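Please work through the exercises below with the sequence and the coordinates open beside you. Each task is followed by a solution that goes step by step.

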Amino acid sequence: MSHTSTLHTLLSSYITTSEEASRSAIDREIWQTFGTTGAVFISDMARFSQTCLEHGIVYYLAMVSRMQIVVTPIIQNHGGVVIKFEADNCFARFAEVEQAIDAAIEIQRAIAETNRKTPSKRDIELSCGIDYGDFLLIDEDQDCFGNPVNRASKLGEDIAGAGEILVSRDAMNQVKQTERFALEHKQYSISGMTLDVCQILYEAQ
């Protein structure tokens, strides 16, 4: 049975049982089977929906492919694992927050360098969100769920602007050498959540 099938079976049992003790046992089994701890990185191609409407699906796919070619090796070189690409988003995980921040900075610089080689109408602009904590990792890096995933998604997709890297305060607290990074502290309210955030300031080069 695949991990996905196992998860669906456990979730089905969880939702159909009426006994609190049974649900608690299933909850523990799910976390023991799929739970992990680390940094979650999610990037989004800024203003891309409008660009797709203006230029069509082939343009959309070409730009997404270009983004994936730039992003994938940088994530891997910093010890990360790409979990999935979903439309114009990249989901990745790292053992340490510092690795995720270093990767995000290098990605933004690489994107800027790539943009200098093509007409401005083909520019890629990424926004990045990073969080840290316990989450569920399914089918050996095929999908992920949990609060760090949700928060990184809010930061990378909904809040961060083009070229920005936003890191949750919880994630930044995991970094031992914060002096390595120039930070600007911010606070956002979105979807009923208040997020304390550190924006990573960097030279585009």
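The exercises that follow concern a predicted model, and they move from the whole chain to single residues.

**Exercise 1. Decide whether the overall dimensions of the chain fit those of a compact globule.**

Step 1. The chain has 205 residues, and a compact globule of that length would have a radius of gyration near 17 Å. Step 2. The radius of gyration of the chain is 18 Å, which agrees with that expectation. Step 3. Taken along the principal axes, the box filled by the C-alpha atoms is roughly 60 × 45 × 35 Å. Step 4. Buried residues account for 42% of the chain, and of the contacts between residues at least 6 apart in sequence, 67% join residues at least 24 apart. Step 5. The exposed area of the chain is about 10,700 Å², of which carbon and sulfur atoms supply 47%.

**Exercise 2. Find which elements build the largest nonpolar core, and which of them gives the most.**

Step 1. The chain holds seven helices and eight strands. Step 2. The largest nonpolar core has 36 residues, and those with the most contacts inside it are Phe41, Val97, Ile101, Ile130 and Val167. Step 3. Among the elements that give two or more residues to this core are the strands E1 (35-45), E3 (89-94), E4 (126-138) and E8 (193-201), together with the helices H4 (57-77) and H5 (97-115). Step 4. The element that gives the most is H4, with nine residues. Step 5. A second core, separate from this one, has nine residues and includes Val40, Phe91, Phe135 and Leu137.

**Exercise 3. Compare the length of helix H4 with its expected span, and list its buried residues.**

Step 1. At 1.5 Å a residue, the 21 residues of H4 should span 30 Å. Step 2. The end C-alpha atoms of H4 are 31 Å apart, which agrees. Step 3. The buried residues of H4 include Tyr59, Tyr60, Met63, Val64, Met67, Val70, Val71, Ile74 and Ile75, and also Arg66 and Thr72. Step 4. An α-helix has 3.6 residues a turn, so residues three or four places apart point the same way. Step 5. After H4 comes Gly79, which has a positive phi, near 85°.

**Exercise 4. Describe the surroundings of Ile101.**

Step 1. Ile101 lies in helix H5, and because its relative accessibility is 0%, Ile101 counts as buried. Step 2. Leaving aside residues up to four places away in sequence, Ile101 touches Ile130, Val167, Met172, Val175, Phe181 and Ile200. Step 3. With the same exclusion, the residues touched by Val97 include Ile130, Val167 and Val175, and also Ala39 and Tyr132. Step 4. Between Ile101 and Pro119, 18 residues apart in sequence, the distance from C-alpha to C-alpha is 28 Å.

**Exercise 5. Establish how many disulfides the model contains.**

Step 1. A disulfide requires two cysteine sulfur atoms within 2.5 Å. Step 2. By this rule the count is zero. Step 3. For Cys144, the nearest cysteine sulfur is that of Cys90, 10 Å away, and Cys144 counts as buried because its relative accessibility is 4%. Step 4. For Cys198, the nearest cysteine sulfur is that of Cys128, 15 Å away, and Cys198 also counts as buried, at 1% relative accessibility.

**Exercise 6. Examine the backbone and the exposure of Ala87.**

Step 1. Most residues other than glycine have a negative phi. Step 2. The phi of Ala87 is positive, near 55°. Step 3. Ala87 lies in the loop between strand E2 (81-86) and E3, and at 45% relative accessibility Ala87 counts as partly exposed.

Definitions and conventions: Residues numbered from 1 in each chain as written. Predicted model: local features only at pLDDT ≥ 70, side-chain atom pairs only at ≥ 80, totals over all residues. Heavy atoms only, no water. Buried < 20%, exposed > 50% of the residue type's maximum accessible area, 1.4 Å probe, protein only. Core = buried A, V, L, I, M, F, W, Y, C linked by side-chain atoms within 4.5 Å. Helix = DSSP H or I, 4+ residues; strand = E, 2+ residues; numbered from the N terminus. Contact = heavy atoms within 4.5 Å. Expected span 1.5 Å × (residues − 1). Rg over C-alpha atoms; globule rule 2.2 N^0.38 Å. Areas by Shrake-Rupley, 256 points an atom, 1.4 Å probe, with all protein chains shown as cover.
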